[in-house]
Amino acid sequence: MIHFQNVTKRYGEFTAIDNLTIDIYEREFYALLGPSGCGKTTLMRMLAGFETPTEGKIFLAGQDIAPVPPNKRAVNMMFQSYALFPHLSVWENIAFGLKREKMPKHDIDDRVEAMLKLTRLEKFARRKPHQISGGQRQRVALARSLAKHPKLLLLDEPLGALDKKLRQDTQFELMDIQEKTGTTFVIVTHDQEEAMTVASRVAVMDHGKIIQVATPDRIYENPNSVYVADFIGDVNLIEGTATPNGSDAYAMSWHEGHPPLTVKSPNAFSDGQKCHLAIRPEKVAISSEQPAEADNAVQGRILDIAYLGNISTYHVELPTGAVIKAQTANTRRIARRAFTWEDTVWLSWTATAGVLLAD
Amino acid sequence: MRRFVLIAIPYVWLLALFLVPFAIVLKIALSDAAIARPPYFPQFDWAEGIAAFIAELDFENFVWLTEDDLYWKAYLSSLKIAVISTFFTLLAGYPIAYGMARAPEEWRPSLMMLVILPFWTSFLIRVYAWMGILSNEGFLNQFLMWIGVISEPLTILNTNSAVYIGIVYTYLPFMILPVYSALERLDGSLIEAAEDLGCSRLTAFWLVTIPLSKTGIIAGSFLVFIPVLGEFVIPSLLGGSDTLMIGKVLWEEFFSNRDWPVASAVAVVLLLLLVIPIVLFQRNQQKQQEAEQ
């Protein structure tokens with residue numbers, strides 16, 4: 001539905017968006033994820049019409065939208081600050097866009113009522129924005145931006161101002177609403193957990209470029225670069241050189257005096273190519289005895305334990321000085337924990353547990 | 001005890017600097033004019049007692065104000081001049097304030113300085129300077145004739161137009177500053193949101209910017225309107241003989257006619273007229289504060 005074609009945006013010397021080509025499909029929940037300053041907000045503002053690309057074209061439903069001003073686009077935006085009109089009541093805020101369309105009065109009433117119901121705000125219709133809570137304000141902003149039946153809804157860090165508990169509830173509400181309305185949602189966020197929860201596809205951005213676009217599970221399990229692996233979630237990165245060893249299998253030598261690691265990778269590597277093994281902490285098993293049938297096993301000493309309630313993360317220092325994180329679910333009470341500081345343990349993982357990435 | 005002292009300070013201030021002088025003026029307004037020193041009667045005399053003194057006071061000066069049409073015409077004319085010049089001050093001040101609020105942040109202090117700078121020169125000198133600009137041989141006429149717009153000099157000085165120009169010029173900062181402070185607080189994303197929801201630039205301005213700067217507009221308008229209503233210097237220097245303003249009438253009663261009781265009565269009525277907008281102004285301020293909480 002949306003097609004960015006070689007879009008570049010420069011502010012003076014600074015390049016915010018660098019020759020970017022992406023597609024966003026209909027009814028999709030698309031997340032733009034990246035650190036601040038990566039260009040994700042600029043991308044969104046170009047969709048809303050507040051910025052124009054320096055080069056390249058943006059198509060919405062096959063139409064070049066560059067000459068269309070923001071007030072004529074079938075695109076609505078939910079602002080990070082919510083941008084609710086403080087002098088208007090909740091009801092009038094939601095009706096604001098509808099009144100601009102010269103909609104008949106009773107249609108406006110119906111639509112606003114429907115929006116209030118969708119966002120469960122019926123009781124607050126007469127209140128002013130400063131008389132309701134942050135979570136309610138967020139819902140008013142959502143209702144207001146959905147009221148006009150946009151083809152595309154843009155959400156700029158929509159949950160940034162909410163506390164964690166409320167944010168989690170709201171994430172599911174957002175997904176619900178997206179499903180109910182069938183609107184295409186594009187969300188901008190720097191919170192990877194949020195992006196993974198709500199989105200059907202996630203685009204990881206850095207320095208004005210899209211690094212990877214994929215479903216949340218593929219982004220997590222099959223990152224295409226060290227950057228994505230490192231940005232999304234927790235990861236152990238082991239540097240080494242690959243040697244082909246059978247079909248799809250590689251022996252990765254990572255430290256002199258240690259046996260090479262066995263890795264399976266669909267990506268081809270040449271003999272002696274430098275590479276990184278990215279492996280998630282929860283895929284590393286921890287045991288006191290050397291495991292008998294593990295593809296890879298290394299010995300180390302527990303340096304630190306991060307107790308998070310449901311899980312514990314063990315920081316294990318290898319004889320080489322590298323620290324590997326291993327995560328286990330705390331299925332037993334803490335008093336019966338098997339390992340403690342300074343214990344010598346074995347870490348093990350299978351050949352397919354990690355992803356082999358080029359430099 | 002400390003609370004009592006804290007509350008007492010403003011009340012003592014009000015009592016000493018407002019209520020006591022007002023009582024004296026009111027007393028003179030209720031007296032009769034006399035060729036004496038001071039030029040009114042009765043004087044308070046301990047020997048005759050307070051009852052006899054009060055018996056001498058009457059409302060005939062206030063009755064006189066209603067009988068001679070000069071006074072109510074002067075009040076009405078002042079009101080008209082104050083309303084019109086407040087409107088023009090708003091018309092001139094709002095775009096300036098808007099421009100200042102939209103200017104890059106690093107320019108704003110300098111722009112603010114430029115608005116305040118004229119206050120560093122005496123108000124009288126600035127009004128006299130306008131006489132030099134507006135007179136028949138003044139800079140304005142010379143300039144207009146030089147560029148060929150007019151062949152005969154325009155008579156501006158000593159007309160109501162000169163009074164409006166002088167008032168708008170003098171009171172402009174009082175309008176700009178409150179409007180600016182309201183506009184500066186305005187969140188730019190609100191305008192973007194309005195545009196996003198289908199407003200053109202102009203409708204966004206009408207529906208969002210103007211309502212949200214309303215408190216500034218009201219504050220600025222009162223700050224201009226209230227002093228202009230009693231303004232004396234500008235109409236007497238720039239205005240003509242047909243410029244009727246209550247401040248001028250007041251001055252003439254006091255100093256030319258030496259009729260202190262009538263002058264005092266004029267002042268008391270003017271005060272009562274001013275109290276109404278001042279109360280409205282206070283309400284506006286209070287509402288604004290409540291809205292901010």
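In this predicted model, 14 residues of chain B are in contact with 17 residues of chain A. Two helices of chain B, α9 (188–196) and α10 (201–212), each supply at least two residues of the side that touches chain A. The largest share comes from α9(B), with six residues. By class, this side of chain B divides into seven nonpolar, three polar and four charged residues.

Now turn to chain A itself. The domain assignment gives domain 1 (2–230) and domain 2 (234–358). Their centres, taken over C-alpha atoms, are separated by 39 Å. The two domains do touch: six residues of domain 1 of chain A are in contact with six residues of domain 2 of chain A. On the domain 1 side of that contact, three residues are nonpolar, two are polar and one is charged.

Two open sheets come next. Strands of a sheet pair through backbone hydrogen bonds, and the pairing may be parallel or antiparallel. Start with the sheet of four strands in chain A. Its order is β2-β1-β4-β5, and its pairing is antiparallel. At the edges stand β2 (14–24) and β5 (63–64) of chain A. Each has a single partner strand, so one side of each is left without a neighbour in the sheet. Further in, β1 (residues 2–11) and β4 (residues 55–60) of chain A pair in the antiparallel sense over five bridges. To find this pairing in the structure, look for A:Phe4, whose bridge partner in β4(A) is A:Ile58.

The other open sheet has six strands. In chain A they follow the order β6-β7-β8-β3-β9-β10. Here the pairing is mixed. The edge strands are β6 (75–78) and β10 (209–214) of chain A, each pairing on one side only. From strand to neighbouring strand, the average turn is 20°, direction ignored. At the β6 edge, four bridges join β6(A) to β7 (residues 152–156) of chain A. These two strands run parallel. A:Val75 is a useful place to look: its bridge partner in β7(A) is A:Leu152.

Which helix lies across β3, β6, β7, β8 and β9 of chain A? It is α1 (residues 40–48) of chain A, running at about 145° to β7(A). The strands beneath this description include β3 (29–33), β8 (184–189) and β9 (201–206) of chain A. Helix α1(A) also lies across β1, β2 and β4 of chain A. There, α1(A) runs at about 65° to β2(A). Follow α1(A), then, to go from strands of the four-stranded sheet to strands of the six-stranded one.

A helix pair completes the tour. Helix α2 (residues 90–100) and helix α3 (residues 105–118) of chain A pack with their axes 10 Å apart. The angle between them is about 130°. The two helices α2(A) and α3(A) are therefore oblique to each other. Their crossing is right-handed. From α2(A), the contact is made by A:Trp91, A:Ile94, A:Ala95, A:Leu98 and A:Lys99. From α3(A) come A:Ile108, A:Arg111, A:Val112, A:Met115 and A:Leu116. By class, this contact of α2(A) with α3(A) has eight nonpolar residues, no polar ones and two charged ones.

Methods:
Residues numbered from 1 in each chain as written. Chains lettered and ligands numbered in written order. Predicted model: local features only at pLDDT ≥ 70, side-chain atom pairs only at ≥ 80, totals over all residues. Pairing = 2+ DSSP bridges. Axes fitted to C-alpha atoms, helices over the stretch in contact; angles between N-to-C directions. Contact = placed C-beta atoms within 7 Å. Nonpolar A, V, L, I, M, F, W, Y, C, P; charged D, E, K, R; others polar. Domains from an automatic or database assignment. Parallel < 35°, antiparallel > 145°, perpendicular 65-115°, else oblique. Left-handed = near helix turned anticlockwise from the far one by under 90°.
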